[in-house]
Amino acid sequence: MAALEKRLEIDLLQQTDTMIYFKWSSTGDTCVVKRDADAIYTGIENSFKDENLQSGELYTYTVERLDEEGEVKERIKMQTSTEDHTEDSINYLQQIAFTTIVSDSKIILAWGAIDGIDEYEIYRDGEFLDTIKKTQFTDRGVEMDREYSYWIRAKRPLEKSETGFSEEKSVAAHLFGFFNIKSSQEAASMEEFWITKKIAPLERLLADSPQVNVSEFNRVWDFRYTTFLSDKFLANPNLLSLNRYFAGDNRTFTPDSSHYRTQVNFSLQLGKEDSALELQKDVGMSVAYDWRKKFRKADVASSEGIQLEKVKEDERNVKVILKHSVGNPLTTSPNIDYDVSATFYRDGHYDIVGLHDQAPNHEVYLKNDKMNEWLQIHEAESKGLAWMSRSIASQYWRISNFE
C-alpha cells in the first residue's frame, strides 16, 4: 500500500515587533510563499523569515505547493501579526500576535499567552466548543462554504494586571465586592478578555491568490460606539445624594436607537494616497429624580472628553485612536471611560482593540460601503453604575477579520 502523501502544515511560527518566521512541512516539492498578492519566495526550502515589518500589523501569507508542471496542487493560507510593544498600545490584547491558519480541512487559531490566565473558553458562532489550557485551538469540523465567527474568552485576577497600581486596585475591587450586595469580590477583581475572529468561507480564502483590487483603495468604513443604560430608572450608588435616581435609556442592544448616554460615529474613506476622517459625537441628556422618582433636574455633559486622532497612514492601512471620557453633569461620579485603537487595511481587513469599564452597556458596530446593515463587533452588558469606578477590573476586547 502506498504511503499517504504528506500534507502542507505550518510547523513553527515565531514573531517579534518587526519579524515573522515560519516553517512548513518538508515535502520535497517546490513551494511558493506569497505575502498578500506578492510572491516573496520560491524554492524547496521549508522556512521563511520576513523582516523589516511594521509593528502590530496583520500580514497574510499563502504557501503553495507545486507539482512537476509548476501547477498548484495544495495551498494553505495564514493570517498573522507582528507584536506591538509601542507606548501607544491601548491594552495587552494589542501587544500579542494573533494567528489564523486555514486549509481545506481545518481552521487553526493561535494567540500569544496572557500572563495570569490559565484557561480559555472557545466559541464558534456563539456556541460553546471547549475550555482549553493551550493558546491554540484547531477546529476540524468546518465546511468550505460557510463563514465562521470565533470567540476566545478568558479572565484574569486584577493583581496580575500590567496596569499601574494593580495591587492597590485589586484590594479596592475586593472591598467593592464585599460591600456591594449586587456584586462579588471575585467578579469585581477579575479582568475580562474577549477576542473575536471573523473568517470568510474557506473556498474563497483558498481560491487563487488575490491580485490587488484597485477598487478596495476607495472603501468607506463607518464606525459607531454607543454607551447606554438599559433600565428606565437607576438607583444612585451614593445613598446620601438628593439625586436618588437617574433616568435610563429603557432599551436593549440595537444600532439605531436615539436613546443613549453617549454616541460616537466616525467615517473613514480610504483613498489610494490619502484618507478622509470625519467625527460626530453626541451626549444624551442626564435626568435626576428624588426618592419618589419626581423630577429634580437635567443637564447635558460636555463632549470635550471624546477625541479621535489619525495616528498612522501608509500604503497598507490607516490607524485611528478614539479616547472617550464623559461624566455625569448632575453629580460627582466616575466618567464613562473607554479607549479604542482601530486599523483599517486597504485590502478590506480590520483589526480593532478596545478597553472599557464594565458599566454602562457598551455596543460597537461597523459597516462599509458594501454592507447594507451594521455589523455588531462588540457588546458588553453593564454590571451596575458602581462598576464605573477605576478600582474595578476592566473589559478588554479585540476583533479582526480574515477575508
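Here are legends for several close-up views of this structure, which is a predicted model.

**View 1. The whole chain, before zooming in.**
The protein chain carries four helices and 28 strands. Of its 403 residues, 52% count as buried. If you take the contacts between residues at least 6 apart in sequence, 62% of them join residues at least 24 apart. The accessible surface comes to about 19700 Å², and carbon and sulfur atoms own 46% of that.

**View 2. The largest nonpolar core.**
This core has 29 residues, and the ones with the most contacts inside it are Ile107, Leu109, Trp111, Ile114, Tyr120 and Ile152. Quite a few elements chip in with two or more residues: helices H1 (92-95) and H4 (202-205), plus strands E8 (98-102), E9 (107-111), E10 (120-124), E13 (148-157), E14 (190-199) and E28 (395-402). The largest share, four residues, comes from E13. As a general backdrop, nonpolar side chains in soluble globular proteins tend to be buried together.

**View 3. Ile114 and its partners, with a second core elsewhere.**
Skip the neighbours within four places in sequence, and Ile114 is in contact with Tyr92, Leu93, Ile96, Tyr120, Arg156 and Phe193. Apart from the largest core lies another one, made of 27 residues, including Tyr225, Val283, Tyr338 and Ile352.

**View 4. Thr196 in strand E14.**
Thr196 sits in strand E14. Is it buried or exposed? Thr196 counts as buried because its relative accessibility is 14%, under the 20% cut-off. Its C-alpha atom is separated by 4.6 Å from that of Trp151, although the two residues are 45 apart along the chain. Trp151 also turns up in the contact list of Thr196, which, leaving out neighbours within four places in sequence, reads Ser149, Tyr150, Trp151, Arg398, Ile399 and Ser400.

**View 5. Gln395 in strand E28.**
Gln395 belongs to strand E28. With a relative accessibility of 2%, Gln395 counts as buried. Which residues does Gln395 touch once its neighbours within four places in sequence are set aside? Its contacts are Glu192, Phe193, Trp194, Gly354, Leu355, His356, Gln358 and His378.

**View 6. Leu279 in strand E19.**
Leu279 is a residue of strand E19, which spans 276-283. Why isn't Leu279 classed as buried? Its relative accessible area is 33%, and buried means under 20%, so Leu279 goes down as partly exposed. Leu279 and Val264 are 15 residues apart in sequence, with 7.5 Å between their C-alpha atoms. Beyond its neighbours within four places in sequence, Leu279 is in contact with Val264, Asn265, Phe266 and Leu308.

**View 7. Two aspartates with positive phi.**
Most residues other than glycine have a negative phi. Asp36, however, has a phi near 55°. Asp36 lies in the loop between strand E3 (31-35) and strand E4 (38-43), and at 23% relative accessibility it counts as partly exposed. Asp125 is another case, with a positive phi of about 50°. Where is Asp125 placed? Asp125 is in the loop between E10 and strand E11 (127-132). Asp125 is partly exposed as well, with a relative accessible area of 38%.

**View 8. A cis peptide bond before Pro360.**
Most peptide bonds are trans. The bond from Ala359 to Pro360 is cis, with omega near -10°. Pro360 itself lies in the loop between strand E25 (350-356) and strand E26 (361-368).

**View 9. The largest cavity.**
Rolling a probe the size of a water molecule over the atoms shows where empty space is left. Here, three cavities of 30 Å³ or more come out of the count. How much space lies in the largest cavity? About 50 Å³. The lining of the largest cavity consists of Leu8, Glu9, Ile10, Ile76, Ile101, Val102, Ser103, Lys106 and Ile108. Sorted by class, the lining has six nonpolar residues, one polar residue and two charged ones.

Definitions and conventions:
Residues numbered from 1 in each chain as written. Predicted model: local features only at pLDDT ≥ 70, side-chain atom pairs only at ≥ 80, totals over all residues. Heavy atoms only, no water. Core = buried A, V, L, I, M, F, W, Y, C linked by side-chain atoms within 4.5 Å. Buried < 20%, exposed > 50% of the residue type's maximum accessible area, 1.4 Å probe, protein only. Contact = heavy atoms within 4.5 Å. Areas by Shrake-Rupley, 256 points an atom, 1.4 Å probe, with all protein chains shown as cover. 1 Å grid on protein atoms, 1.4 Å probe; cavity = no way out; pocket = protein on both sides within 12 Å on 5 of 7 lines; lining within 4 Å. Points joined across faces, edges and corners; volume = space filled by probe spheres on them. Nonpolar A, V, L, I, M, F, W, Y, C, P; charged D, E, K, R; others polar.
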